[in-house]
Amino acid sequence: MNVIKTTCAPADQQRNWDSIDWNKCEQEVRKLQVRLVKAQKEGRYNKVKALQWLLTHSFHAKALAVKRVTSNKGKRTSGVDHVLWSSSEAKYQAVSDLKRRDYTPQPLKRVHIKKSNGKQRPLGIPTMKDRAMQALYLLALEPIAETTADSHSYGFRKERSTADARQMCFTALAKRVSAEWVLEADIKGCFDHISHDWLLTHIPMDRVVLKKWLKSGFIFNKELFLTDEGTPQGGIISPTLANMALDGLQGLLAEKIKRKRVSKTTCINPKVHLVRYADDFIITGKSKDQLETIVLPLVRDFLTERGLTLSEEKTRITHIEDGFDFLGFTIRKYEGKFLIKPSKEKLKKFSEKVAGIIDANKTSKQDSLIRLLNPVITGWANYYKGCNASDTFRKADYLIFQKLWAWALRRHPKKGKYWIANKYFRTIKNQNWRFAVDTAYKGKDDVFVLKKLYDTKIVRYVMIKQDANPFDPEWNAYFKRRETYKMLETFQGKKPVLYIWKRQKGVCPICGEIIGRELPWGTTDYLVNGLMQRTLVHDTCRRRNDQLKLKLS
């Protein structure tokens, strides 16, 4: 009876969506997730099941699950039932409707998106209710997944990114005595072929609900297709299921391939290291023969047990002097010097994207074109600023200049080149040929400049500690320091802005949500305790606040 009472909505909870205390929801869910990690580490698996049941039946977790699916990019995309939760009433009712009893997921809506190689990738879009149920059960599964995950797995995990995988490649390959051979593995249709039997046997969650998701099928061209294998790309819980299916490979390699001691002072290091990002991974080795005869059979047997196979065409063994591409980076030793650069393929795609924006805006104003290009340039620069990208940035800047010069010449076919150059380009801070235009912002004259990739400062990324678990309270202090470091990097070294962020405890004073790297934010003057202070707020909060002031005035 006590458990049933705790799973109901709190007695003081007002019956509407806008009155929900989100900070309290996160705190209550966090408490249960911490207890889950503790029980998992102690091997108390019955306790884990009890806590998962408690979490998936709690009001706070259901509210956070509904909030997630109604505030992300997919909130305007419906499933086969064409239902969207756009109103506060619909969202609050959805919290009450998230129940395990009599729950039957609907088939997925099958759509196809274009892959980088030109092929089509199938996506399965669940209904809003099914997405919310997956988000709810993910809250109970993710702490377990983080506790049992391979330490060198970086994809679809909290606080980990491609930058961590890139730095791990540096750690495993950069030294003179490091491994010189690399197995580039490519799993054939990982998400589409994972064994349902393996998932139902090994994934520590409610198997009845998991089986319903796996067997729900999909609808394509108004026809229902059943699913006997795989977990659909597009589901919220699918990346975690795929990660858990591939976890264990690192431990298997460490168990089967160990250091051999040949004397009291000498041992042979196999130099085998796994670096995995989702279903993309590499394995290093000291020789080609070692990777072919020992490592590759182990990997094949590991994947076969899970219903997966390697692509024979894309799986290859490469010498570090020849280099290989991984996660958009080219990793290679040039005459013994180890460098990580943006891959030629990614540079080509970036150039094509920029060229497409310029070609699609032949008649647009100069400031409009700059507003379209700057976010694209900034995003690409931020992704590659942690590697040896200076030469690539310089080349990309030149390619962008060529397209902009052609754009300017086309607009004024009867004008001379000097006139065109003076109109669209100028010298700014000793840099010639900067694409810029005069503009007025808040009544002040200003110069709106196109960003240059080469102006981006190359900074060395600090890799996450391998055993760090964001759900484990033992690592709270570490992640707090790491968040401060990342925010200082976001503030581009501006310590006064970091001081404001710390003074606010990293929270927006308007909405109470965290000011982090996910949502855009800015500075504004805000009334705090009767005094106007310079404050960091989310852009959406500031706009909402400004609109409210206009209505009241």
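Two strands are taken to pair if DSSP finds at least two bridges between them. With that in hand, the hairpin of β8 and β9 is a convenient place to start in this predicted model. Strand β8, residues 273-277, and strand β9, residues 280-285, are joined by five bridges in the antiparallel sense. Within this pairing, H273 stands opposite T284 of β9. Two residues lie between the strands of the hairpin, and A278 adopts a positive phi near 60° there.

The hairpin belongs to an open sheet of four strands, ordered β8-β9-β3-β10 and paired in the antiparallel sense. Strands β8 and β10 (316-319) are at the edges with a single partner strand each, so one side of each is left without a neighbour in the sheet. From one strand to the next, the twist averages 20°. On the β10 side, four bridges connect β10 to strand β3, residues 181-186, and these two strands run antiparallel. Here V182 is found opposite T318 of β10. A helix also belongs to this picture: α13, residues 288-305, lies across β3, β9 and β10 and runs at about 135° to β9.

A second sheet can be described in similar terms. This open sheet has three strands in the order β11-β12-β13, again with antiparallel pairing. Its edges are formed by β11 (324-326) and β13 (337-342); each has a single partner strand, so one side of each is left without a neighbour in the sheet. Ignoring direction, neighbouring strands of this sheet are turned by 30° against each other on average. Three bridges hold the antiparallel pair of β11 and strand β12, residues 329-334, and F324 stands opposite I331 of β12. Helix α7, residues 162-173, lies across β11, β12 and β13, at about 165° to β13.

Turning to the domain level, the domain assignment divides the chain into domain 1 (17-148 + 195-228), domain 2 (150-194 + 238-342), domain 3 (344-449) and domain 4 (475-550). Taken over C-alpha atoms, the centres of domain 1 and domain 4 are 30 Å apart.

The helices come next. Two packed helices are described by the angle between their axes and the distance between the axes. Helix α2 (residues 22-41) and helix α6 (residues 128-148) have axes that come within 9 Å and cross at roughly 40°. That angle makes α2 oblique to α6, and the crossing is right-handed. From α2, the residues V29, Q33, L36, V37, Q40 and K41 meet L139, A140, P143, I144, T147 and T148 of α6. Sorted by class, this contact of α2 with α6 comprises seven nonpolar, four polar and one charged residues.

Helix α2 also packs with helix α4 (residues 59-71), where the axes come within 9 Å and cross at roughly 115°. The crossing of α2 and α4 is left-handed. On the α2 side the contact is made by W22, K24, C25, E26, E28 and V29, and on the α4 side by H60, A61, A63, L64 and K67. Six nonpolar, one polar and four charged residues make up the contact of α2 with α4. Residue V29 of α2 is thus listed in the contact with α6 and in the contact with α4.

A further helix pair is formed by α14 (residues 344-359) and α15 (residues 366-384), which pack at an angle of about 170° with their axes 10 Å apart. This makes α14 roughly antiparallel to α15. In α14, the residues K346, L347, F350, K353, V354, I357 and I358 meet L369, L372, L373, V376, I377, W380 and Y384 of α15. The class count for the contact of α14 with α15 is twelve nonpolar, no polar and two charged residues.

How values were computed
Residues are numbered from 1 along each chain as its sequence is written. This is a predicted model: local features need pLDDT of at least 70, side-chain atom pairs count only at pLDDT 80 or more; totals for chains, interfaces and linings use all residues. Side-chain values use heavy atoms; hydrogens and water are left out. Axes are lines fitted to C-alpha atoms, for helices over the stretch in contact, and angles run from 0 to 180 degrees between N-to-C directions. Angles under 35 degrees count as roughly parallel, over 145 as roughly antiparallel, 65 to 115 as roughly perpendicular and the rest as oblique. A crossing is left-handed if the near helix is turned anticlockwise from the far one by less than a right angle, and right-handed if clockwise. Contact means heavy atoms within 4.5 Å. Ala, Val, Leu, Ile, Met, Phe, Trp, Tyr, Cys and Pro count as nonpolar, Asp, Glu, Lys and Arg as charged, and the others, Gly among them, as polar. Domain bounds come from an automatic or database domain assignment.
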